[in-house]
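Visitor: Could you take me on a close look at one part of this model, the way two of its helices pack, and then show me what surrounds them? I would enjoy one connected tour.

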Amino acid sequence: MTAGKRLLIVDDDPEFVEGIRGILEGAGYAVEAAYNPADGFVALRKGRFDLLLLDILMGRGAEGVMFARKMRKDPALRDIPVLIITGIREQIAFLFPGEPLHPHLVPVDELMEKPVEPALLLEKVAALLAAAERRKASGGQKAAGA
């Protein structure tokens with residue numbers, strides 16, 4: 001299931017990126033990284049990625065939220081699953097574990113809290129990729145802003 005799957009990590013913490021990159025590459029995923037939202041969006045537009053792992057707090061604030069919103073408005077990118085990995089909780093209107101308090105504030109597929117437990121990361125990545133494959137096979141698309 002991991003062979004040929006390409007993942008993009010957008011996070012401004014190089015040490016964290018290298019840590020999760022090692023976990024994901026160890027499981028057989030091809031992983032690229034960008035260390036700011038601008039570079040991340042360029043990489044996303046140029047590459048063919050199966051999943052995006054996105055930090056919320058980067059640079060001047062909650063740029064990950066804007067990144068996710070911008071991505072969901074782009075027809076070429078909006079069906080790529082997004083896994084938010086963040087060190088914050090209620091600031092992004094989510095409780096862990098649980099449902100979002102404001103479900104349309106951050107249009108993502110799944111959230112994880114830092115620090116990341118490797119087995120849980122791999123489980124969530126596999127589940128998001130499997131769900132995307134099922135949507136693709138059924139001809140369905142994710143609703144914009146969902």
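Guide: Happily! In this predicted model, H2 and H3 count as roughly parallel to each other, because angles under 35 degrees fall in that class and their axes cross at roughly 25 degrees. The two axes come within 10 Å, and the crossing of H2 past H3 is right-handed. On the H2 side, the contact is made by Pro-37, Gly-40, Phe-41 and Leu-44. On the H3 side, Glu-63, Phe-67, Lys-70 and Met-71 take part. Sorted by class, this contact has 5 nonpolar, 1 polar and 2 charged residues.

The spacing of these positions invites a short aside. An α-helix has 3.6 residues a turn, so residues three or four places apart point the same way.

Let's stay with H3 for a moment. Its buried residues are Glu-63, Gly-64, Val-65, Phe-67, Ala-68, Met-71 and Arg-72. Glu-63, Phe-67 and Met-71 therefore appear both among the buried residues of H3 and in the contact with H2. The packing of the buried H3 residues involves H2, and also E1, strand E3 (51-54) and E4.

Just past H3, a salt bridge leads back to H2. The side chains of Asp-74 and Arg-45 meet there, with 2.3 Å from N to O. Asp-74 sits in the loop between helix H3 (63-73) and strand E4 (82-86), while Arg-45 belongs to helix H2 (residues 37-46), so the pair ties together parts that are 29 residues apart in sequence. The two partners differ in accessibility: Asp-74 is buried, with a relative accessible area of 15%, whereas Arg-45 is partly exposed at 46%.

A little further along the chain, Asp-50 and Arg-48 form a salt bridge through their side chains, 3.2 Å from N to O. Here, too, the Asp is buried, Asp-50 having a relative accessible area of 11%, and Arg-48 is partly exposed at 49%.

E1, one of the elements that the buried residues of H3 pack against, has a salt bridge of its own to show you. Arg-6 pairs with Glu-32, their closest N and O atoms being 2.4 Å apart. Arg-6 is in strand E1 (residues 6-10) and Glu-32 in strand E2 (residues 30-34), so this pair ties together parts that are 26 residues apart in sequence. Both partners are partly exposed, Arg-6 with a relative accessible area of 22% and Glu-32 with 36%. Across the whole structure, the search finds 10 salt bridges.

Some of these bridges join up: Asp-11, Asp-55 and Lys-114 are linked in a network. Lys-114 has another feature, a cis peptide bond to Pro-115 with omega of about -5 degrees. Pro-115 lies in the loop between strand E5 (110-113) and helix H4 (118-138).

That loop brings us to a second helix pair to set beside the one we began with. The axes of helix H1 (residues 14-26) and H4 also come within 10 Å, but cross at roughly 65 degrees. H1 passes H4 in a right-handed crossing, as H2 does with H3. Ile-20, Ile-23 and Leu-24 of H1 meet Pro-118, Leu-121, Leu-122 and Val-125 of H4. By class, this contact has 7 nonpolar residues, with no polar and no charged ones, whereas the contact of H2 with H3 includes 2 charged residues.

Definitions and conventions:
Residues are numbered from 1 along each chain as its sequence is written. This is a predicted model: local features need pLDDT of at least 70, side-chain atom pairs count only at pLDDT 80 or more; totals for chains, interfaces and linings use all residues. Side-chain values use heavy atoms; hydrogens and water are left out. A salt bridge is a side-chain nitrogen of Lys or Arg within 4 Å of a carboxyl oxygen of Asp or Glu. Helices (H or I, at least four residues) and strands (E, at least two) are DSSP runs, numbered from the N terminus. Buried means under 20% relative accessible area, exposed over 50%, partly exposed in between (1.4 Å probe, protein chains only). Contact means heavy atoms within 4.5 Å. Axes are lines fitted to C-alpha atoms, for helices over the stretch in contact, and angles run from 0 to 180 degrees between N-to-C directions. Angles under 35 degrees count as roughly parallel, over 145 as roughly antiparallel, 65 to 115 as roughly perpendicular and the rest as oblique. A crossing is left-handed if the near helix is turned anticlockwise from the far one by less than a right angle, and right-handed if clockwise. Ala, Val, Leu, Ile, Met, Phe, Trp, Tyr, Cys and Pro count as nonpolar, Asp, Glu, Lys and Arg as charged, and the others, Gly among them, as polar.
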